[in-house]
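I opened this entry to look up the metal site and the ligand pockets. My notes follow in the order in which I checked things.

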Number of protein chains: 2
Amino acid sequence: MARIGALEAGGTKMVLSVGTPEGEVLEREEIPTQGPQDCVDRMVEWFGSHNVDALGIGAFGPTGVNPSSSSYGKILETPKTAWRHFDFLSAFKPLGIPIGYDTDVNVACLGEVTYGSCKGLDTVVYLTVGTGIGAGVMVSGQLLHGMLHPEAGHILLEIQPGDEGNCVCPYHDRCFEGLAAGPSIEHRWGKKGFELADRPEVWDLESTYLAEGISTYVLCYSPQRIVLGGGVMKQTQLFPLVRKKVLENLNGYLVTPELADIDSYIVEAGCKGDQGVLGCIELGRRALEAARA
Amino acid sequence: MARIGALEAGGTKMVLSVGTPEGEVLEREEIPTQGPQDCVDRMVEWFGSHNVDALGIGAFGPTGVNPSSSSYGKILETPKTAWRHFDFLSAFKPLGIPIGYDTDVNVACLGEVTYGSCKGLDTVVYLTVGTGIGAGVMVSGQLLHGMLHPEAGHILLEIQPGDEGNCVCPYHDRCFEGLAAGPSIEHRWGKKGFELADRPEVWDLESTYLAEGISTYVLCYSPQRIVLGGGVMKQTQLFPLVRKKVLENLNGYLVTPELADIDSYIVEAGCKGDQGVLGCIELGRRALEAARA
Ligand SMILES: Nc1ncnc2c1ncn2[C@@H]1O[C@H](COP(=O)(O)OP(=O)(O)O)[C@@H](O)[C@H]1O
Ligand SMILES: Nc1ncnc2c1ncn2[C@@H]1O[C@H](COP(=O)(O)OP(=O)(O)O)[C@@H](O)[C@H]1O
Ligand SMILES: [Zn+2]
Ligand SMILES: [Zn+2]
């Protein structure tokens, strides 16, 4: 049976795994994300010595994901200067195996569609609300890339009254990520999110921003389901608040069976936190299938 | 050679055409949009007597565009009560020919990709700013449907200072369409758009709203190009203002060759106003091709 390598390349850690084409994880190792010269050789060696037949990589962005572009597989303009313009995909070419490459959030979306909360669907948004806000998007079964890849975490929102000056994004003064990701919560309230669990005003405001962003995604992508993951969503009291406020924002304009069952429409991630790894396995499996076709 | 019928079914008029698979329009007739009982038989007869081998329909929404759904081809919850729940597509089945069915804005997007400003691209947004605001979206060569179809004209924007209370959407108090479509301009300034051509403050405010909506589309869809059409965009002084303000909103966060050439990124429609008809022809041509395959 084929062995599929999976590399979830995040901003803080790299998760290396080997799995079966059915999504069973056989082996796993984590290493901290340092500069590429410190960890890439080690990762290539790891996959080489673990006998994988194909590899799926989900990389932090911005990164080139369009196979016909010269930036394919490269890390682009990132605050992590050591990684800037690093040709990440090419580093794994010596393995001589088929490789699939996409963004971290797109592979998480793929994981949810293949093994998680969105099985059987083809148009889906996976939103992570953690250190940043990022959306992985599948449309008609295809992961959305376009010009670059979606950066839907940076859409502009309306600042809530009294919350002026609290956007922490260095680029924007009222973007979704800057107002609602983990660091903005810490900036606004002076404590980390998990320390604020019993402060209802924190999650009321947080859910207002989440609902505005998600309402925009509902209207723009027309997804069949939206999955919310990431550290901040561990505050599960957010889910009912977000659902209620999304419906208030839409105000009856959209009438669909999906929205009529909002608890099944805006849902928790379904892969026990492993949507990234499982999505990488599926990406590698698809690369192998394509190479054999 | 095949003759392709095209029906652009708009809220105020129906445009019936016959074209070649190469997009040459051979015949055309317009009739006002009345209730279905008043015009549908006549349209079926028209296409029947014009010897078409296939038909492409671009219909006003909301309408079912997902072939696997029971609402496929039906008009949904519309203010036009006579059309509510009308099975539009089925009315044309007696013609016994292959039929393609999509929304008016999606066919316009298809027209622009096939014959207009977006030839050779596969991920594109067509935005109409007219009586309403609607976005037709193609992702990786496929028109976006999902749960229903995008209703990206109703995303929420930030109200500009002094403009409170001017959103004319019956559902939302600060949505893009309610703040920036033709009727909102007329409501705000007391005159129709074409009468306000020499009032710079009108187009300054209009371009601010357009730029916020378009910035959201850039971030969410990551399109390779955005085409702006519809009556309001006849005020072509809007284009440079919108381009400048979109770049200001993004504030250097996205670095791509496309955005570096913003004049080629946010562009006028390229089908001489015929993107809807030409898109219907292409939709019909594809239906014929699929039926013959
Ligand atoms: N239980 C929690 N409640 C609220 N916020 C949390 C919780 N756990 C983590 N976070 C916040 O989520 C962010 C980390 O997100 P996470 O998804 O774990 O990682 P990353 O986005 O870096 O991959 C931090 O800002 C952290 O404060
Ligand atoms: N030259 C113009 N300048 C400004 N606004 C215009 C102009 N022409 C039409 N409009 C406005 O555009 C709207 C009609 O849009 P149009 O795209 O022509 O039709 P529809 O959206 O109904 O298909 C009206 O609100 C009208 O006032
Ligand atoms: Zn931002
Ligand atoms: Zn609205």
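Entry 1, the metal. I note that this is a predicted model. I began with the spacing of the donors of the zinc ion (ligand 3), which reads H-x14-C-x2-H-x2-C along the chain. Next I looked up the residues behind that pattern. They are His154(A), Cys169(A), His172(A) and Cys175(A). Both histidines bind through ND1 and both cysteines through SG. The distances run from 2.1 to 2.4 Å.

What geometry does the site of the zinc ion (ligand 3) have? I found angles of 101 to 117° among the 4 donor atoms, and the site is tetrahedral. For reference, I jotted down that the ideal angle for four tetrahedral donors is 109.5 degrees.

Are Cys169(A) and His172(A) buried or exposed? I find both of them buried.

Entry 2, ligand 1. I listed the residues around ligand 1 in chain A. The glycines are Gly130(A), Gly182(A), Gly193(A), Gly230(A) and Gly231(A). The others are Thr131(A), Pro183(A), Phe194(A), Val232(A), Lys234(A) and Gln235(A). By class, I get 3 nonpolar, 7 polar and 1 charged in this shell.

Then I went through polar contacts. Thr131(A) places a polar side-chain atom 2.6 Å from an oxygen atom of ligand 1. Gly231(A) uses a polar backbone atom, 2.8 Å from an oxygen atom of the ligand. On the nitrogen side, an N or O atom in the side chain of Gln235(A) lies 2.7 Å from a nitrogen atom of ligand 1. How much of ligand 1 does the protein bury? I read 66% of the 570 Å² that the ligand exposes when taken alone.

Entry 3, ligand 2. I repeated the lookup in chain B. Around ligand 2 I find Gly130(B), Thr131(B), Gly182(B), Pro183(B), Gly193(B) and Phe194(B), among others. The list also includes Gly230(B), Gly231(B), Val232(B), Lys234(B) and Gln235(B). I sorted this shell by class: 3 nonpolar, 7 polar and 1 charged.

Which atom of Gly231(B) faces an oxygen atom of ligand 2 at 2.8 Å? I see a polar backbone atom there. Thr131(B) comes in with a polar side-chain atom, 2.6 Å from an oxygen atom of ligand 2. For Gln235(B), I noted a side-chain N or O atom 2.7 Å from a nitrogen atom of the ligand. On its own, ligand 2 has 570 Å² of accessible area, and I find 66% of that covered by the protein.

Terms used
Residues are numbered from 1 along each chain as its sequence is written. Chains are lettered from A and ligands numbered from 1 in the order in which they are written. This is a predicted model: local features need pLDDT of at least 70, side-chain atom pairs count only at pLDDT 80 or more; totals for chains, interfaces and linings use all residues. Side-chain values use heavy atoms; hydrogens and water are left out. Donors are N, O and S atoms within 2.8 Å of the metal (3.2 Å for Na, K and Ca); water is not among the atoms, so sites may look incomplete. Four donors count as tetrahedral if all angles lie between 85 and 135 degrees; four count as square planar and six as octahedral if opposite donors are over 155 degrees apart and all others between 65 and 115; anything else is irregular. Buried means under 20% relative accessible area, exposed over 50%, partly exposed in between (1.4 Å probe, protein chains only). A residue is near a molecule or strand if one of its heavy atoms lies within 4 Å of it. A polar contact is a pair of N or O atoms within 3.5 Å; within protein, one must be able to donate a hydrogen and the other to accept it, and residues adjacent in sequence count only if both atoms are side-chain atoms. Accessible areas come from the Shrake-Rupley method with a 1.4 Å probe; for residues, only the protein chains shown count as cover. Ala, Val, Leu, Ile, Met, Phe, Trp, Tyr, Cys and Pro count as nonpolar, Asp, Glu, Lys and Arg as charged, and the others, Gly among them, as polar.
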